Amino acid sequence: MAGAEGLKPLPAAGDLAEPVDARRNWLKSERRAASLSLEAYERDLFAFLAFLAEYQGAPPSLQSLRDLGRGDLRAWLAARGGRGLKATSTARALSVIRGFFRFLAREGILE
């Protein structure tokens, strides 16, 4: 996932690489997202996955995403709040995460 845009490697288990790439390709081709939008999307998604890796003590996988509960998402929101991030930034990141989960559900990867 690191590449021309200079993004960090995907902070997740290998089974998430293909869905993350597929979502990026979908955004690029179907939604015609601009490169800066794609980079912002990936930053938000990667930050969420990096949080999960630290919070859960292991890189997130499809199974660990299936097992996420409200408490896990509340912990992510609290961590963002603790870092002093603006509400608009968190709203955008939450939109990215919701979109990713909707994509996984639409593609039959997660329920």
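# A tour from helix α1 to the largest pocket

Select α1 and display P19, V20, R23, R24 and L27, the buried residues of this helix; buried denotes under 20% relative accessible area, exposed over 50% and partly exposed the range in between, with a 1.4 Å probe and protein chains only. Viewed down the axis of α1, these buried residues fall within an arc of 135 degrees, so they line one face of the helix; the arc is taken over the directions from the helix axis to the C-beta atoms. Helices are DSSP runs of H or I with at least four residues, numbered from the N terminus.

The model is predicted: local features need pLDDT of at least 70 and side-chain atom pairs count only at pLDDT 80 or more, while totals for chains, interfaces and linings use all residues. Residues are numbered from 1 along each chain as its sequence is written, and side-chain values use heavy atoms, leaving out hydrogens and water.

**Around α1.** Next, add α2, α3 (62-66) and α5 to the selection, since the buried residues of α1 pack against them; contact means heavy atoms within 4.5 Å. The 13 residues of α1 should span 18 Å at 1.5 Å a residue, and its end C-alpha atoms are 18 Å apart, in agreement; the expected span is 1.5 Å times one less than the number of residues.

**Before α1.** Move to L10, in the segment that precedes α1. L10 counts as buried, at 17% relative accessibility. A distance drawn from the C-alpha atom of L10 to that of R83, 73 residues apart along the chain, reads 22 Å.

**The loop between α1 and α2.** Select R32, which is found in this loop. R32 is not a glycine, yet has a positive phi of about 55 degrees. With a relative accessible area of 71%, R32 is exposed. A33 is also found in the loop between α1 and α2, but A33 is partly exposed, at 22% relative accessible area. Not counting residues up to four places away in sequence, A33 touches L27, K28 and L38.

**Along α2.** Colour the buried residues of α2, among them L38, Y41, F46, F48 and F51. Their cover includes α1, α3, α4 and α5. For the 22 residues of α2, 1.5 Å a residue gives 32 Å, and the end C-alpha atoms are 31 Å apart, which agrees. Just after α2, stop at G57, where phi is positive at about 80 degrees.

**Along α5.** Now select α5, whose buried residues include S89, A93, V96, I97, F100 and F103. These buried residues are covered by elements including α1, α2, α3 and α4 (70-82). G108, just after α5, takes a positive phi of about 75 degrees.

**The largest pocket.** Finally, display the largest pocket, which holds about 310 Å³ of space. Of its 16 lining residues, R23, L27, Y41, S95 and V96 are the closest to the centre. A pocket is an open set of points on a 1 Å grid over the protein atoms alone, where a 1.4 Å probe fits, with protein on both sides within 12 Å along at least five of seven lines; lining residues have an atom within 4 Å of a point. The volume is the space filled by probe spheres set on the points, which are joined across faces, edges and corners.

Which helix supplies the largest share of the lining? That share, 6 residues, comes from α5. Show α1 (17-29), α2 (35-56) and α5 (87-106) together, as each supplies at least two lining residues. By class, the lining has 7 nonpolar, 3 polar and 6 charged residues; Ala, Val, Leu, Ile, Met, Phe, Trp, Tyr, Cys and Pro count as nonpolar, Asp, Glu, Lys and Arg as charged, and the others, Gly among them, as polar.
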